[in-house]
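Please open the model in your viewer and set it to display both the chain and its ligand. The tour below proceeds by selection, stop by stop.

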Amino acid sequence: MILPGGTVGVLGGGQLGRMMALAARRMGYRIVVLDPSASCPTAQVSDDVVVGALTDVEAAKQLAKKVDVITLDTEHVPADVLDQLEAITPVRPAASVLRTIQDRQTQKQFLDKLGMPQAKWAPCEDVDKALGVVGRPAIVKVRRAGYDGKGQIRIEPGADAKAEFAKLKGEPAVAEALVPFAREISVILARGMRGEIAIYPLAENVHRRHILHTTRAPAPISAQGKKRAEEIGLTVAEALGHVGVIAVEMFELPDGTLLVNEIAPRTHNSGHYTYGACATTQFEQHVRAVCGLPLGDPRALTGAVMVNLIGDLWRDGAPPWRAVLERPEARLHLYGKDAPAPGRKMGHVVLLDDDTDRALATAEQMITALTPP
Ligand code: AMP
């Protein structure tokens, strides 16, 4: 058990690392982050930063020597780098978890082996052959390092598949059938060092242009649907031997069937609502799990809606924050990013409201008010 006063190392300095660092420091831990930028969102709130790429083994080893445990802000740290760090200090989640998850094809094979339901998929070395298996429309995704729709193409029934596929520039890829989902949900849970589990209220997610737009929690769902979603989350976390917070994103079909879309072995954008809405935030929970502490209470204290603030809102400079700050139920989170590019996640707002339909409507009004004319 690593008690407060100990030092947590974080690989990757984005917003997830930042919010984890804030939670850890509140609890009395020290934080050291590895990131290519000395002024990344996490470094701004950390005790120390090692500047280096996430693929830089020597820099990562330097970090390992300064900390009691290593964890991650992103799943895109090469598992081979993690293998080398495990010889120096505990890495949680382990290199083996990342090795299964970080390649979409390996992840899908793992899910198939577990008997978890997924969209029809196929390896995509030859695009025509892959489309022969999954049909059209299809989505072709790069196996590694894609996120927020980056490294994905959609192939429509009439499209020139080879020309579309060429846009991925020869990156290894998988093809998936396009799922006619009724909605998207995610299960966020934590698994501790002794296999103990804490499950958060289910999240209902809406994406825009492949980027998460809103999360509503708890998601309105039947008792049976909730049970099934939680079972899937639990089965995945246990089979991986995961330690920490994990998110399993799913598609819900019109008949209620759930298909796993993807697994993120870390805190997740659709769990941001827990900061404010739940007794223990996903960030504190992750720190507790990787430090071997007992898990905190995941119970919701209120309903909530989270809405992401994307770089497009900064087109004419800082958005008019009054539209957020004047609402007593709104909590503003900004990540300290200095380059607000279109499509980049810059922050989010959590609206604390038991009436989540009303909160969703408020979120849309707020985004309209923040959007440049
Ligand atoms: P991903 O990066 O795989 O999570 O994809 C981002 C978003 O794209 C998902 O949350 C969905 O909204 C959409 N998407 C991805 N894969 C599919 C699919 N097979 N069918 C329908 N929509 C998808």
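**The ligand and its shell**

Begin by selecting the ligand: 15 residues surround it, each with a heavy atom within 4 Å of it, and the closest are Lys141, Glu176, Val179, Glu184 and Glu262. This is a predicted model, in which local features need pLDDT of at least 70 and side-chain atom pairs count only at pLDDT 80 or more, while totals for chains, interfaces and linings use all residues. Residues are numbered from 1 along each chain as its sequence is written, and side-chain values use heavy atoms, with hydrogens and water left out.

Next, display the polar contacts (pairs of N or O atoms within 3.5 Å). Select lysine 141, where a polar side-chain atom lies 2.6 Å from an oxygen atom of the ligand. At arginine 104, a polar side-chain atom is 3.4 Å from a ligand oxygen atom. Turn then to alanine 177, which has a polar backbone atom 3.0 Å from a nitrogen atom of the ligand. The protein buries 93% of the 470 Å² that the ligand exposes when taken alone; these areas follow the Shrake-Rupley method with a 1.4 Å probe.

Colour the chain by secondary structure, with strands taken as DSSP runs (E, at least two residues) and helices likewise (H or I, at least four). The elements giving two or more residues to the shell are β6 (138–142), β8 (173–177) and β14 (258–264). By residue class, the shell divides into six nonpolar, four polar (a class that includes Gly) and five charged. Colouring by domain shows that domain 2 (120–177) and domain 3 (183–370) each supply at least three shell residues, with bounds from an automatic or database domain assignment.

**Strand β17 and its partners**

Now select β17 (residues 345–352). Eight of its eight residues are buried, that is, under 20% relative accessible area with a 1.4 Å probe and protein chains only. Strand β15 (residues 304–310) pairs with β17 in the antiparallel sense over seven bridges, where pairing requires at least two DSSP bridges. Label methionine 306 to find it opposite valine 350 of β17. Strand β16 (residues 330–334) also runs antiparallel to β17, joined by five bridges; here leucine 334 stands opposite glycine 347.

**Proline 78**

Finally, select proline 78, in the loop between β4 (69–72) and α3 (79–86). Is proline 78 buried or partly exposed? Its relative accessible area is 25%, so it counts as partly exposed, the class between 20% and 50%. To close, draw a distance between the C-alpha atoms of proline 78 and proline 180: they are separated by 33 Å and lie 102 residues apart along the chain.

Terms used: Polar contact = N/O pair within 3.5 Å; in protein donor to acceptor, adjacent residues only side chain to side chain.
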